[in-house]
Each structure stands twice: as C-alpha cells, then as structure tokens.
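Please look over the structure below with attention to one arginine side chain, one helix and the nonpolar interior. The report takes these topics in turn.

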Amino acid sequence: MSLNTTHEIDIVSVSASKIDTVDFETLAFGTTFTDHMLVCDFREGKWQKPQIKPYEPFLLDPSAKVFHYGQAIFEGMKAYKDDNEDVWLFRPDQNLIRFNKSAKRMAMPEVEDWIFMEGLNQLIDLERDWVKKGLGNTLYIRPFMIAIGSGVIAAPSTQYRFMIILSPAKSYYSGEVKVIIAEHYSRAANGGIGAAKAAGNYSAQFYPTKLANEKGFQQIIWTDDATHTKLEEAGTMNVFFRINDTLYTAPTSERILDGVTRKSLIAIAERDGIAVEVRSVLVAELIEAAKDGSLKEVFGAGTAAVVNPIVGFSYQDVYFELPKIENSIALQLKEKLTNIQYNLAEDTFGWTVKV
C-alpha cells in the first residue's frame, strides 16, 4: 500500500540541513527535530493551503485560546526504514480517525483527510534521510492542533493551527519499570475527555506521577474514577495483564484511549492463538493472581514504547514483584509487531503504508 499525492502543498526547503550535526546514537526522546514541519491554518470556516516549511518558532497572541481554555490535541506515530531504504508508516489511517474524534470532542474542526495524509507523506518523503535503519531507530511523528484565535471569552476558538513535526528517536523507556496502582487520583472520568488525545489529559497526570516517582515508581496504573477498583491504563499507555496464559486488557471507553498499538497486539495475539479477553480487570483480581502465582506478566503498550514490561507493582503500600519468565508473551508480541513495522515479516493485516 502507498500514499498517492493528488493535492498541491507548498514546500519551502531549508538552505542547509542540520542532520550532520545530530548524534543519532545518543538521542533523548522528543528533543531533536528535523529540518521541516507542516503547517495548515483554519480560518473563516475552512482549512487554508498547507505548507511545508523550515522548522522554526512562531508567534501567537497572548490571548490565544490555547493558553486560556486548553483547546489542544495531538497524535503519536512513527516512520520506519527497512533494509532496502524504503520508509514505512504503520496504520496512519487509525491515527487520522482518532485525531478527528479528539477534535470533535474538543469542539475543534476536523482536519481534512488529504491535509493529514498527503501532508504527512510529503513531509516524511522530504525528511527520509532522518529515518535511520535498524530495530529501535524510528522517526517519531507528532501531528497536533491548537486554538490560535485571540480573546479570553470562554468559547471555542474560530481559528486553529494544524501542524506535524518530526523527531528522530530510539527506545522511549529504558531500565526496569515499577508502577503504583492509583487509589485516589484519576486519569479520566465518564463523560470527560479521557478518550481524546487532549493535552490536558497528560498535564493532569504529571502531579500524581511526580508523587509516584518520589516513592521509587516510574509510572501509575490508573483506576476508574468512581470506585478505583478497575485497572485501566499504565501511565500514558494501555495496559495488559497475563494471568496464566490468557491476556486481559480493559475495553476502550470514555476514559480509556483507543490505542493503535493495543488493538494491533490484540489482533496479532488472536491470529497466533494466544487467548485474549477484553474486559474490566479488578484490582482484587490482580492482587489474588499475584499472591497465588498465576500473574505472569504486566506490560504497557503504546506508540512510543511499543511494549514496556512492568517488573512489579505496589498497592496500599504492599509491593508485588513479578516473576522472571523465559516465555514472555509481551516480548513475543513486541517482536512480531516490530517485524511488521520494519518490513521484516509479512504484513498479513495490510497495516503498513509505504512512503
């Protein structure tokens, strides 16, 4: 599958690339950006002509509504380069669908399909040298939209800016990850914006995560806001639990993000005969499974980390260490998914898109 270009997008190239100044072996996630970015504004009720231009700061009025009322959404995606120097995207249609669901929930205009898809294709094609070969090397893609209309009246903006920026990346997390199960703070509530990739969802996590870090834990497993008895997400990732040889993960909802990695892992597991149950998992179940030895694995799943094994968790100040196992389903699924993403295995699902 490939992306076809049928619309015109203005391209202003940099006079000289900065790529030779970048040490690709020591990249800190999300801190280095490529030469160009895509910009497209929504004004007077319609999207304007997109432009790819040099990556640079831009000015906003101090009363821009993004600063005052938080109209800001984003996506996270990756591009991969195979051994033949071909560049691939992974399920970009799912990111576009979710982006526009987020936009609708935040009273923002939906981005036209061609602006998102063709803009993404042309931008990555221009920056393909920034996508390095080898497992673990990726180009992280950050589409986002902010409200740029001015005025502090509490109402949706009438002007917006859609952008895509690119950041070469290696592995997102390193080292062992220990988590604490939330007993008080909540990531999201029914009727809220938890299922949208809204900026405010993430800023709201920072304080309770800081408290967890101070106790020696890297992330939080969030629980439902009403009872704090249902396990929902791990940090910024969907979360899976392996009890005996069955994988369990919470269903998507108004509180839980519809993760692209999550749904891909479920599809691979089902294809390969691994038992998967999508249902609410109770904290009490997890504790019981940890005590009787049936809890084998817990892992987060997301675009940045792909699959992130969790070595232990704490609940009500009691810490439970997970067993070290050789036949890790988490690592098997990670390998199968990344092999598809890097074009090292046949994509039987039709997920990958050639740039």
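In this predicted model, the side chain of R187 has polar atoms that lie close enough to two backbone oxygens to be listed here as polar contacts (N or O atoms within 3.5 Å, where one must be able to donate a hydrogen and the other to accept it, and residues adjacent in sequence count only if both atoms are side-chain atoms).

| Backbone oxygen | Distance to a polar atom of the R187 side chain |
|---|---|
| G194 | 3.1 Å |
| R255 | 2.9 Å |

R187 is found in the loop between β10 (178-181) and α4 (199-214), helices (H or I, at least four residues) and strands (E, at least two) being DSSP runs numbered from the N terminus. With a relative accessible area of 8%, R187 is buried, a term that means under 20% relative accessible area with a 1.4 Å probe and protein chains only.

Helix α2 (residues 92-105) has 14 residues and an expected span of 20 Å, which agrees with the 20 Å between its end C-alpha atoms; the expected span is 1.5 Å times one less than the number of residues. Among the buried residues of α2 are L96, R98 and F99.

The largest nonpolar core (buried Ala, Val, Leu, Ile, Met, Phe, Trp, Tyr and Cys residues joined through side-chain atoms within 4.5 Å) has 55 residues, and F116, I124, I141, M145 and F162 are those with the most contacts inside it. The largest share of this core, seven residues, comes from α3.

Residues are numbered from 1 along each chain as its sequence is written. Local features need pLDDT of at least 70, side-chain atom pairs count only at pLDDT 80 or more, and totals for chains, interfaces and linings use all residues, while side-chain values use heavy atoms, with hydrogens and water left out.

Terms used:
Buried means under 20% relative accessible area, exposed over 50%, partly exposed in between (1.4 Å probe, protein chains only).
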